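This report follows the ligand and its surroundings, beginning with the residue that meets the metal and ending with two points of backbone geometry.

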Amino acid sequence: MPDDSLAQLQRGLLDLDMEAALAAVHNVIAGGNQARVKEAVDVVTRSLEVVGKRFQDGEWYLAELVYAGEIAKDVMNALSPLMQSGGSPSRGTLVIGTVAGDLHDLGKNIVVNFARSAGFAVVDLGVDVSAQKFAAAVREHGPAVLGMSCLLTSTESQLAGVIDALKTQGLRDKLKVVIGGAALSERAARDVGADAFAPDAVTGVDMMKKWSAPA
Ligand code: B1M
């Protein structure tokens, strides 16, 4: 019988059916196939684009956006252990968080999982992280890379605030800064003085690998 778990996962997310989505993801996990795990992450990402479009077009309201986010979070939490298949950290440290005022974390969490899997020690500061908290974590952990996630146009200015705080404290030259998230672009990276914009988690972690010592 063909395995339609990924189609079922997509239907679960877009029909707001938590039970169906979780049953589908558990089938994927039970299969133990790493490539299918990556495909499942892609299905979640693509489905959330549809969710965002429905919200933007007024077809769905905040309640639906919130619930779709909760389903996606539970699905990603289930997949998370399988996304961290790497060995012991050897590439240095990544400090990462979502900027102040922004509570979106699904994309950041994917970056965290991929980075751990690639051998980075990751310090995840969570969401709604102030410039001072980013700077304090950089001072404390001395990372090779600082990653910031930002999904809201209204919080884009926070990125420059963090980089200013790093400069003021003499920390900016000691690390690379990468930004990512739906609100951003390469232009945003140039404008705020980041080293790079990552359109997706794989590209972001590939950049980090190039910047850091080889594993
Ligand atoms: Co909100 N939301 N949301 N939301 N939400 C967006 C972002 C929006 C585009 C939807 C829309 O209108 N089309 C819109 C922002 C518009 C704008 O500012 N331009 C929006 C809005 C308006 C809002 C609220 C203001 C709604 C309201 O309250 N009226 C509110 C804000 C709350 C707040 O943060 N203060 C809000 C709330 C929420 C939920 C909490 C309900 C939920 C988030 C749940 C959670 O994250 N735990 C949610 C969701 C789910 C979305 C959408 C639908 C999906 C986001 C997502 O997780 N995508 C989103 C629509 C969209 O993005 N098209 C939307 C999947 C994820 C894997 O992708 O995060 O882009 P993404 O990450 C990718 C890459 O961008 C990249 O790698 C990831 C994987 O490849 N990446 C990095 C991300 N960070 C990176 C960091 C890196 C490198 C790469 O290095 C550091």
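## The metal and its protein donor

His104 belongs to the loop that runs between β1 (93-98) and α5. In this predicted model, the NE2 atom of His104 stands 2.3 Å from the cobalt atom of the ligand, and His104 is the only protein donor that this cobalt atom has.

## Where the ligand sits

The ligand occupies the largest pocket. The elements that contribute two or more residues to the shell around it are α3 (34-56), α4 (62-83), α5 (106-117), β3 (145-149) and β4 (176-180), and the most is given by α3, which supplies six residues.

Residues of the shell come both from domain 1 (4-85) and from domain 2 (92-212), and the ligand therefore lies between the two domains.

## The shell around the ligand

In total, 33 residues surround the ligand, and the closest of them are Leu103, His104, Asp105, Ser149 and Thr153. When the residues of this shell are divided by character, 19 are nonpolar, eleven are polar and three are charged.

Among the contacts of the ligand with the backbone, one involves Leu103, whose backbone N or O atom lies 2.6 Å from an oxygen atom of the ligand. Leu103 is also listed with the residues closest to the ligand, as is His104, the residue whose NE2 atom serves as donor to the cobalt atom. A polar backbone atom of Gly101 is 3.0 Å from a nitrogen atom of the ligand, while a polar backbone atom of Gly181 is 3.5 Å from an oxygen atom of the ligand.

## Backbone geometry in two loops

Which loop holds Leu16? Leu16 is found between α1 (5-14) and α2 (18-31), and its phi is near 55 degrees, a positive value in a residue other than glycine.

Asp128 is placed in another stretch of the chain, the loop between β2 (121-124) and α6 (131-141). For Asp128, too, phi is positive, with a value near 55 degrees, and this residue is likewise one other than glycine.

Methods:
Residues numbered from 1 in each chain as written. Predicted model: local features only at pLDDT ≥ 70, side-chain atom pairs only at ≥ 80, totals over all residues. Heavy atoms only, no water. Near = heavy atom within 4 Å. Polar contact = N/O pair within 3.5 Å; in protein donor to acceptor, adjacent residues only side chain to side chain. 1 Å grid on protein atoms, 1.4 Å probe; cavity = no way out; pocket = protein on both sides within 12 Å on 5 of 7 lines; lining within 4 Å. Sits in = over half its atoms within 2 Å of the grid points. Helix = DSSP H or I, 4+ residues; strand = E, 2+ residues; numbered from the N terminus. Nonpolar A, V, L, I, M, F, W, Y, C, P; charged D, E, K, R; others polar. Domains from an automatic or database assignment. Donors = N, O, S within 2.8 Å, 3.2 Å for Na, K, Ca; no water.
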